[in-house]
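These notebook entries record what I looked up in one structure, element by element. I began with the loops and then turned to the helices.

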Amino acid sequence: MRRVKETVHYYCNDTLFGHIDGSKGTTAVLDTGVSRHPDLDGKIVAFGDMLHGKRQMYDDNSHGTHVSGIIAGSGRMSSGLYAGIAPGSRIVAVKVLDQKGEGKIRHLIEGIRVILRNREKWKIRIVNISIGTLPHQGDEEERELLRWVDQMWDEGLVVVTAAGNFGPRKGSVTVPGISRKVITVGASDDGVKIDRYGKAGTNYSGRGPTYECVCKPDLVAPGSYIRSCNGFCQKRHQKMYAVKSGTSMSAPIVSGAAALLLSKYPDMKNVEVKLRLLMSADDMGKDANIQGRGLLNIEKLLNPKL
């Protein structure tokens, strides 16, 4: 069975966003798990391990902790400097990837089922999927994954996915980001050379169109050299924060923005959230299959009259 690889600062400015901090919502993060980090104290509503069934939360890769910090980190250990986009929001961490940041599609589907069964109990409004695999037309396993991802959307959840790091060629947006329904996020700053797994590269963000000729990504957000919670900070001499790059970092920035929007408008439907994100984005002057509708603008998102 083919394996799914991880697609491996913004912070909430109180003077800009006022009292809006995402406190009325919970984001489910399908990733490598989550570690006990001071910036995430009291923010983890629930933890599920689809790989080993462990009850105590953990993250043996650090990717999921980093993503969770981008969304909901308090910034406590940096005096607020590295707070997440929606520091008042909460996280449901579902481990579907292993120590190498890899996993099987069936584990991801199991994680989605857990989210759908418990969405009311845990008050889940948003699902962040910073995971992707290059699409293979006609692959039944991928089709099944897309059906489950679309079901989350159909049941009213705001589903945010990464566009993947296989750019710049056309058709390089990953599954499940190729879904017509979900909000697919690329990196706005992928022209910056980054080092991933010992290889330097630029223009990594996944490009559309999909094999069904759907324009993707939907919008872009910063993804290069994003500083957030270090999942290994419990180990001796480890730093509290780490820097990572990729559309995996861009997606939770948008998830956090969606949490802020739902904090301000708690009755807003997921289709409305997507529309507001797209309409408030700033055109960067790039092709639509590179930038979608443009760069995330949280100020305009929350204050559409600006």
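I take helices, of at least four residues, and strands, of at least two, as DSSP runs numbered from the N terminus. I note at the outset that the model is predicted.

**Entry 1: cis peptide bonds**

I looked up Pro209 and found it in the loop between strand S11 (199–201) and strand S12 (219–221). The peptide bond that joins Gly208 to Pro209 is cis, with omega at about 0°. I then checked Pro176, which sits in the loop between S8 and S9. The bond leading into Pro176 from Val175 is also cis, and I recorded its omega as near 15°.

**Entry 2: positive phi**

Which residue in the loop between S11 and S12 did I list for its phi? Cys213 lies in that loop, and its phi is positive, about 65°, although Cys213 is not a glycine. Is Cys213 buried or exposed? I count Cys213 as exposed, because its relative accessibility is 68% and the cut-off for exposed is over 50%.

Ser79 gave me another positive phi in a residue other than glycine, with a value near 55°. I located Ser79 in the loop between helix H2 (63–72) and strand S4 (90–95). Ser79 has a relative accessible area of 76% and is therefore exposed.

**Entry 3: Ser179**

I placed Ser179 in the loop between strand S8 (158–162) and strand S9 (183–187). Is Ser179 buried or exposed? Its relative accessible area is 3%, so Ser179 is buried, the limit for that class being under 20%. With neighbours within four places in sequence left aside, I found Ser179 in contact with Leu146, Asp150, Thr184 and Lys216. With Asp150, the side chain of Ser179 makes a polar contact of 2.6 Å.

**Entry 4: helix H4**

Asp150 led me to helix H4, residues 140–154. I recorded 15 residues and a reach of 21 Å from first C-alpha to last, close to the 21 Å expected at 1.5 Å a residue. At the start of H4, a side-chain oxygen of Asp139 comes within 3.0 Å of the backbone nitrogen of Glu141. Just after H4, I noted a positive phi of about 100° at Gly156.

Which residues of H4 are buried? I listed Glu142, Leu145, Leu146, Trp148, Val149, Asp150, Met152 and Trp153. I then asked what covers the buried residues of H4. The cover includes helix H3 (105–118), strand S6 (124–129), S8, S9 and helix H6 (270–280).

**Entry 5: helix H2 and its crossing with H5**

How many of the residues of H2 are buried? I found ten of its ten residues buried, and H2 is mostly covered. Among them are Gly64, Thr65, Ser68, Gly69 and Ala72.

Two packed helices are described by the angle between their axes and the distance between the axes, so I looked up both values. The axes of H2 and helix H5 (residues 247–264) come within 8 Å and cross at roughly 35°. The crossing of H2 with H5 is right-handed. From H2, the residues that meet H5 are His63, His66, Val67, Ile70 and Ile71; on the H5 side I listed Ser248, Met249, Pro252, Ile253, Ser255 and Gly256. By class, I recorded six nonpolar, five polar and no charged residues in the contact of H2 with H5.

Key: Residues numbered from 1 in each chain as written. Predicted model: local features only at pLDDT ≥ 70, side-chain atom pairs only at ≥ 80, totals over all residues. Heavy atoms only, no water. Buried < 20%, exposed > 50% of the residue type's maximum accessible area, 1.4 Å probe, protein only. Polar contact = N/O pair within 3.5 Å; in protein donor to acceptor, adjacent residues only side chain to side chain. Contact = heavy atoms within 4.5 Å. Axes fitted to C-alpha atoms, helices over the stretch in contact; angles between N-to-C directions. Left-handed = near helix turned anticlockwise from the far one by under 90°. Nonpolar A, V, L, I, M, F, W, Y, C, P; charged D, E, K, R; others polar. Expected span 1.5 Å × (residues − 1).
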